[in-house]
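Hi everyone, thanks for making time for this. I'd like to walk you through one model and the spaces inside it, so please have a look at the screen.

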Amino acid sequence: MGLAELNVIPQATGAAAKTVENHQAPQELILHAAWFCPFAHRVWITLEEKGVPYQYKEVNPYKKEPHFLAINPKGLVPVIEYKGKALSESLILVEFVEEAFPQAPNLLPRDPVERAEARQWIDSINKQFIYPYQRLLQAQGAENQKAALEDVYHFLRNFSESIKGPYFLGEQFSLVDIVIAPWIMRDWVVTQHRGYRRENASPRWKIYADLVQKRESVANTLSLQEHTIGIYDQYLRDEAESEAAKAIREGRAIP
Ligand code: GSH
């Protein structure tokens, strides 16, 4: 059974359901997201942090419905629809929201050098963390799982050493925190099934992850674990048919 046929609950639950409910009125900015998607979660957190008016629309990206493909032929969530354009790619979207709505709070430093450094970390989260994390989910057999777990820890130790505290860049919650937060919120899956422990990455990582997990914008956009595990079961058996899952299986970069 592929992800399209999986009996995934069609909308957000728990704290996220309330946030969805508060964002049904038509707005100039529409977020097309899937409640379970960590990439969409990045953009959702950003909108909440900025306090930008937005309309939330739920899409099941595995169903590839014509109305969604019409605005985004790639068929992936998240998408932001704004002023007649459909924009995609989570990292581009979080920066778009930051730039299109320059009112406080700023989610990137103002200083160009500090801004570039923040972007380097964002880039490294995408390139050096998401891939091994995804590989850890899908790895079959103790040896493969151990190797993937070590790669995840390797990145997190490196990352932790640069946490200024309490958030990555210091007092100000930023896009660096936002870009990694969705994987913190879903790490219970690898904790339960792959032997991952926050404290085994590093004590600093644990303190940081525990803090990010409590951030309102992050917690209020998360659905219940009991509805999420059905999706992850497919990844854990390496049977998921998403574009990301196929890429991992074939050793390609995640789209
Ligand atoms: N690089 C994209 C981003 O950062 O926005 C990845 C987005 C992505 O993979 N979204 C998943 C999706 O739409 C859901 S979490 N999958 C549909 C599919 O694989 O067919």
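Let's begin with the lining of the largest pocket, sorted by class: 25 of its residues are nonpolar, seven are polar and 10 are charged. Please keep in mind that this is a predicted model. The largest pocket holds about 860 Å³ of space. It has 42 lining residues, and those closest to its centre are Phe39, Leu76, Ala244, Ile254 and Pro255.

Which helix gives the most to the lining of the largest pocket? That is H5, with seven residues. For those of you finding your way around the screen, helix H5 runs over 112-138. At least two lining residues each also come from helix H2 (38-50), helix H4 (90-100), helix H12 (225-236) and helix H13 (243-249).

Now, where does the largest pocket lie with respect to the domains? Its lining takes residues from both domain 1 (14-100) and domain 2 (112-249), so the pocket lies between them.

That brings me to the domains themselves. The domain assignment splits the chain into domain 1, residues 14-100, and domain 2, residues 112-249. The UniProt record has its own bounds: an unreviewed entry puts "domain: GST N-terminal" at residues 27-105, and "domain: GST C-terminal", also from an unreviewed entry, at residues 111-248. Over residues 27-105 the chain is 38% helix and 22% strand, while residues 111-248 are 75% helix and 0% strand. The end C-alpha atoms are 21 Å apart for 27-105 and 37 Å apart for 111-248.

How do the two assigned domains meet? Their C-alpha centres lie 21 Å apart, and 22 residues of domain 1 are in contact with 29 residues of domain 2. Between them, the two domains bury about 2,300 Å², with 64% of that on carbon and sulfur atoms. On the domain 1 side, Trp35, His41 and Arg42 lose the most area to domain 2, and together they account for 26% of what that side buries.

Hold on to Trp35 for a moment, as this residue comes up again in the lining of the largest cavity. The count of cavities of 30 Å³ or more comes to one, and the volume of the largest cavity is about 80 Å³. Alongside Trp35, the lining has Phe36, Met185, Arg186, Trp188, Leu222, Ser223, Gln225 and Thr228. By class, that makes five nonpolar, three polar and one charged.

Before I finish, a few backbone details you may want to look at if you are setting up calculations. Which residues are joined by a cis peptide bond? One such pair is Val77 and Pro78, with omega about 5°. Pro78 sits in the loop between helix H3 (66-71) and strand E3 (79-82). Another pair is Gly165 and Pro166, where omega is about 0°; Pro166 is in the loop between helix H6 (142-161) and helix H7 (175-185).

And then there is Lys64, a residue other than glycine with a positive phi, near 45°. You'll find Lys64 in the loop between strand E2 (55-58) and H3.

So, if you take one picture away with you, let it be the largest pocket lying between domain 1 and domain 2, with both giving residues to its lining. Thanks for listening, and I'm happy to go back to any part of this on the screen.

Definitions and conventions. Residues are numbered from 1 along each chain as its sequence is written. This is a predicted model: local features need pLDDT of at least 70, side-chain atom pairs count only at pLDDT 80 or more; totals for chains, interfaces and linings use all residues. Side-chain values use heavy atoms; hydrogens and water are left out. On a 1 Å grid over the protein atoms alone, a cavity is a set of points where a 1.4 Å probe fits but cannot get out, and a pocket is an open set with protein on both sides within 12 Å along at least five of seven lines; lining residues have an atom within 4 Å of a point. Grid points are joined across faces, edges and corners, and a volume is the space filled by probe spheres set on the points. Helices (H or I, at least four residues) and strands (E, at least two) are DSSP runs, numbered from the N terminus. Ala, Val, Leu, Ile, Met, Phe, Trp, Tyr, Cys and Pro count as nonpolar, Asp, Glu, Lys and Arg as charged, and the others, Gly among them, as polar. Domain bounds come from an automatic or database domain assignment. UniProt positions are given in the numbering used here, feature names are shortened, and annotations may be inferred rather than shown by experiment. Contact means heavy atoms within 4.5 Å. Buried area is the accessible area (1.4 Å probe) that two parts lose on being put together, summed over both.
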